[in-house]
Amino acid sequence: KNNTLTEALEIIKVQPDLEITSFALPSSRTSAQDVTLHFTIKNNGTSTSSSSLVYIYDGGKKLGEVAIGSLTAGSSQSGSYTISSGTLKPGKHKIKIMADANKSNAELNEKNNTLTEALEIIKVQPDLFVSASLEDTFITTDESTTIKLVITNNGTSEADNSVAHIYDGSKKISEVLVGSV
C-alpha cells in the first residue's frame, strides 16, 4: 500500500489554433477602384502551426489566397490582399476571409477561422449638371446675345465628349460640342 501515489493529472492538447483577430476593408469603393483588405492571424493554440493559406471569398466565390508562414503559440502575422478594380460588380458584397483554409493544421478550435465584412461597390458613371446664363436678359428679335453654359460633372467617372442642345421652349435653336468633363 505504501508504494502507490495517486494524483490528478491535467492533459493539455498540444495543437495550434489559428484565429483571425482583425479584418478591415473600406465599406465602399467604386468599380474603378482597387479594394485592399487587411487582416491579422493569431495562433491562440499551444503549439507552432504549419504554414497555411488564407482564402478570400465574395460570398461563395473564391477570389484569391495569401500564404501565412508557421506561427509559434501566441504569435501573429498580418497580411493584405488587393481585389483588382472591375473584379466585383456594382452592388453589395460579403467579403469573407478564412484562416487555415487549406486545412494544413489540426486545430484546437476550427470554428474561429472566418470573419466576414460588408462591401458596397458603386457603379462608376458621370452625372452632368448644366447651368446657363444670358449676357442680355432682354433682347429684340433682330438682336443676338451670348449664352454662357457651365457643365459640371458631379459623377464618379469622366464623361466622354457629348453635345449640349440649346432650346427656346421646345424648339432646338443650337447645339454645342462639349469635350470630356
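Tyr 55 is buried, with a relative accessible area of 16%. The model described here is predicted. In it, Tyr 55 belongs to one side of strand E4, and strand E4 is part of an open sheet of five strands. This briefing covers the sheet, strand E4, its tyrosines, the nonpolar cores and Ser 28.

**The sheet**

- The five strands are arranged in the order E2-E8-E7-E4-E5, and their pairing is mixed.
- Strand E2 (28-30) and strand E5 (61-68) are at the edges; each has a single partner strand, so one side of each is left without a neighbour in the sheet.
- On average, neighbouring strands of this sheet are turned by 25° against each other, direction ignored.
- At one edge, E2 runs parallel to strand E8 (residues 114-122), and three bridges join the two.
- Thr 30 has Ile 122 of E8 opposite it.

**Strand E4 and its partners**

- Seven of the seven residues of E4 are buried, so this strand is largely enclosed by the rest of the structure.
- Its two faces are both covered: one side carries the buried residues Ser 52, Val 54, Ile 56 and Asp 58, and the other carries Leu 53, Tyr 55 and Tyr 57, also buried.
- E4 and E5 run antiparallel and are joined by seven bridges.
- These two strands form a hairpin with two residues between them, and Gly 59 in the turn has a positive phi of about 65°.
- E4 also pairs with E7, again in the antiparallel sense, over four bridges.
- Tyr 55 stands opposite Glu 65 in E5, and its bridge partner in E7 is Met 98.

**The tyrosines of E4**

- Tyr 57 counts as buried, at 15% relative accessibility.
- There is one aromatic pair in the structure.
- This pair consists of Tyr 55 and Tyr 57, whose ring centres are 6.2 Å apart and whose planes are at 70°, so the pair is edge-to-face.
- A lysine lies over the face of each ring: Lys 62 is at 3.9 Å from the ring centre of Tyr 55, and Lys 96 is at 5.0 Å from the ring centre of Tyr 57.

**Nonpolar cores**

- The largest nonpolar core has 22 residues, of which Leu 37, Phe 39, Ile 41 and Ile 95 touch the most other members.
- At least two residues of this core come from each of strand E1 (18-24), strand E3 (35-43), strand E4 (52-58), E5, strand E6 (76-83), strand E7 (91-98) and E8.
- The most is given by E3, which supplies four residues to this core.
- Another core lies apart from the largest one and has five residues, among them Leu 53, Tyr 57, Met 98 and Ala 101.
- Tyr 57 is therefore both a member of the edge-to-face aromatic pair and one of the residues of this other core.

**Ser 28 in strand E2**

- Ser 28 lies in strand E2, one of the two strands at the edges of the sheet.
- With 30% relative accessibility, Ser 28 counts as partly exposed.
- Residues up to four places away in sequence aside, Ser 28 touches Leu 119, Glu 120 and Ile 122.
- Ser 28 and Ala 118 are 90 residues apart in sequence, while their C-alpha atoms are 8.5 Å apart in space.

How values were computed:
Residues numbered from 1 in each chain as written. Predicted model: local features only at pLDDT ≥ 70, side-chain atom pairs only at ≥ 80, totals over all residues. Heavy atoms only, no water. Pairing = 2+ DSSP bridges. Axes fitted to C-alpha atoms, helices over the stretch in contact; angles between N-to-C directions. Core = buried A, V, L, I, M, F, W, Y, C linked by side-chain atoms within 4.5 Å. Buried < 20%, exposed > 50% of the residue type's maximum accessible area, 1.4 Å probe, protein only. Phe/Tyr/Trp six-rings, centres within 6.5 Å; stacked < 30°, edge-to-face > 60°. Lys NZ or Arg CZ within 6 Å of the ring centre and 35° of its normal. Contact = heavy atoms within 4.5 Å.
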